[in-house]
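Visitor: I should like to go through this structure with you, one topic at a time. May I put some short questions as we look?
Guide: Certainly; please begin wherever you wish.

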Amino acid sequence: MAKVEEELLFMKIKENRLVRQAEALIPTPWGNFRMGAYAEDSEDWMPHLALVSENCDLNAPVLTRLHSECITGDLFGSKRCDCGEQLAYALHKAAEEGGIVLYLRQEGRGIGIINKLKAYNLQDIGLNTIDANLHLGFEADARDYGIAIEMLEDLGVHEIKLLTNNPDKIEAFEDSKVKVIKRIPIIIEPNADNREYLRTKQDFMGHML
Ligand SMILES: Nc1nc2c(ncn2[C@@H]2O[C@H](COP(=O)(O)OP(=O)(O)OP(=O)(O)O)[C@@H](O)[C@H]2O)c(=O)[nH]1
Ligand SMILES: [Zn+2]
């Protein structure tokens with residue numbers, strides 16, 4: 001690609017920033033949150049969501065969770081992973097001490113629900129969560145956390161206490177204006193169905209479990 005074309009493309013990418021399209025008060029079992037929906041355009045049906053608890057001080061270091069969508073775990077309580085319980089815990093902590101839960105539309109570590117279901121079938125015949133992704137022609141983890149940084153910048157957050165066990169999420173903030181001043185673990189008791197999955201995250205993805 002010619003240099004000028006490259007620069008134009010770069011400018012275009014930079015222009016396509018997420019915009020808070022709408023927001024509203026959402027009372028939950030854990031407490032009241034303001035939910036903001038972020039997308040590049042208002043027709044987007046899958047915007048990323050920011051849930052900011054009503055007691056959140058955006059000027060202080062904010063307890064923050066980056067939660068990637070997992071419809072099987074978050075909505076239907078699938079025991080194949082720890083997502084549903086992690087989401088409930090994050091909302092509870094955010095409501096308790098003031099905080100933000102970013103609900104990122106990166107289902108299946110960025111491969112989408114159709115491919116995640118295919119990956120589950122491969123796991124049922126012996127592949128682990130990483131190899132199943134690779135077998136389908138994807139990266140082990142196809143997520144990009146730049147969206148989360150954009151959302152936090154929009155909210156005026158400068159420092160966060162990140163609720164995670166995933167080193168990639170911490171690394172994603174290294175060159176950003178938003179600084180991770182602390183990591184808070186989010187450990188869910190394993191069950192018979194997710195024990196192997198959690199072990200793979202620990203042994204091969206560097207998760208601090
Ligand atoms: N491709 C694929 N995705 C999975 C599988 N199990 C869970 N997921 C997805 O993994 C993602 C879990 O992400 P997060 O809840 O952000 O957590 P994490 O990356 O494990 O890191 P933590 O912050 O430590 O919880 C969700 O998008 C799930 O849909 C699997 O076996 N295969
Ligand atoms: Zn899950």
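Visitor: Which helices and strands each supply at least two residues of the shell around ligand 1?
Guide: Please keep in mind that this is a predicted model. Strand β4 (62-68) and the helices α3 (83-97), α4 (107-110), α5 (112-124) and α6 (129-135) each supply at least two residues of that shell.

Visitor: Which of them gives the most?
Guide: That is α4, with 3 residues in the shell around ligand 1.

Visitor: And which residues come nearest to the ligand?
Guide: Of the 22 residues around ligand 1, the nearest are Ser68, Cys70, Thr164, Asn165 and Asn166.

Visitor: How does the shell divide into nonpolar, polar and charged residues?
Guide: The shell around ligand 1 holds 11 polar residues, 6 nonpolar ones and 5 charged ones.

Visitor: Let me turn to annotation. Where does UniProt place the active site?
Guide: The unreviewed UniProt entry places the feature "active site" at Asp141 and Arg143. Such annotations may be inferred rather than shown by experiment.

Visitor: Take the aspartate, then. Where is aspartate 141 found, and what does it touch?
Guide: Aspartate 141 is in the loop between α6 and α7. Leaving out residues up to four places away in sequence, aspartate 141 touches Arg109, Gly110 and Asp168.

Visitor: Why does aspartate 141 count as partly exposed?
Guide: Aspartate 141 has 17 C-beta neighbours inside 10 Å, and therefore counts as partly exposed. The buried class begins at 20 such neighbours and the exposed class ends at 12.

Visitor: What about arginine 143: buried or exposed?
Guide: Arginine 143 is buried, because 20 other C-beta atoms lie within 10 Å. Arginine 143 is also placed in the loop between α6 and α7. Neighbours within four places in sequence aside, arginine 143 is in contact with Ser68, Gln106, Arg109 and Gly110.

Visitor: Arginine 109 has come up twice. Where is its place?
Guide: Arginine 109 is in helix α4. With 22 C-beta neighbours inside 10 Å, arginine 109 counts as buried.

Visitor: What is its phi value?
Guide: Phi of arginine 109 is near 50°, which is a positive value in a residue other than glycine.

Visitor: Changing topic: which residues touch the most other members in the largest nonpolar core?
Guide: They are Ala50, Ile100 and Leu102, in a core of 37 residues. The elements that each supply at least two residues of this core are β2 (32-39), β3 (48-53), β4, α3, β5 (99-104), α7 (146-155) and β6 (159-163). Helix α3 gives the most to the core, with 6 residues. In soluble globular proteins, nonpolar side chains tend to be buried together.

Visitor: What is isoleucine 100 in contact with?
Guide: Not counting neighbours within four places in sequence, the contacts of isoleucine 100 are Ala50, Leu51, Val52, Cys56, Val62, Thr64 and Ala94.

Visitor: Back to helix α3 for a moment. What does leucine 87 touch?
Guide: Leucine 87, which is found in α3, touches His67 and Asp74 once residues up to four places away in sequence are set aside. Leucine 87 counts as buried because it has 20 C-beta neighbours inside 10 Å.

Visitor: And alanine 60: buried or exposed?
Guide: Alanine 60 counts as exposed, because it has 12 C-beta neighbours inside 10 Å. Alanine 60 lies in the loop between β3 and β4. Its C-alpha atom is 8.1 Å from that of valine 157, although the two residues are 97 residues apart in sequence.

Visitor: Now the whole chain, please. How many helices and strands are there?
Guide: The chain has 9 helices and 7 strands. Buried residues account for 33% of its 209 residues. Among contacts with a separation of 6 or more, 55% join residues 24 or more positions apart.

Visitor: What is the radius of gyration?
Guide: The chain has 18 Å, which agrees with the value near 17 Å for a compact globule of 209 residues. Along the principal axes, the C-alpha atoms fill a box of roughly 55 × 45 × 35 Å.

Visitor: Lastly, which domain does UniProt list?
Guide: For residues 21-185, the unreviewed UniProt entry lists "domain: GTP cyclohydrolase II". That span is 35% helix and 27% strand, and its end C-alpha atoms lie 31 Å apart.

How values were computed: Residues numbered from 1 in each chain as written. Chains lettered and ligands numbered in written order. Predicted model: local features only at pLDDT ≥ 70, side-chain atom pairs only at ≥ 80, totals over all residues. Near = placed C-beta within 6 Å. Helix = DSSP H or I, 4+ residues; strand = E, 2+ residues; numbered from the N terminus. Nonpolar A, V, L, I, M, F, W, Y, C, P; charged D, E, K, R; others polar. Rg over C-alpha atoms; globule rule 2.2 N^0.38 Å. Contact = placed C-beta atoms within 7 Å. Core = buried A, V, L, I, M, F, W, Y, C linked by C-beta atoms within 7 Å.
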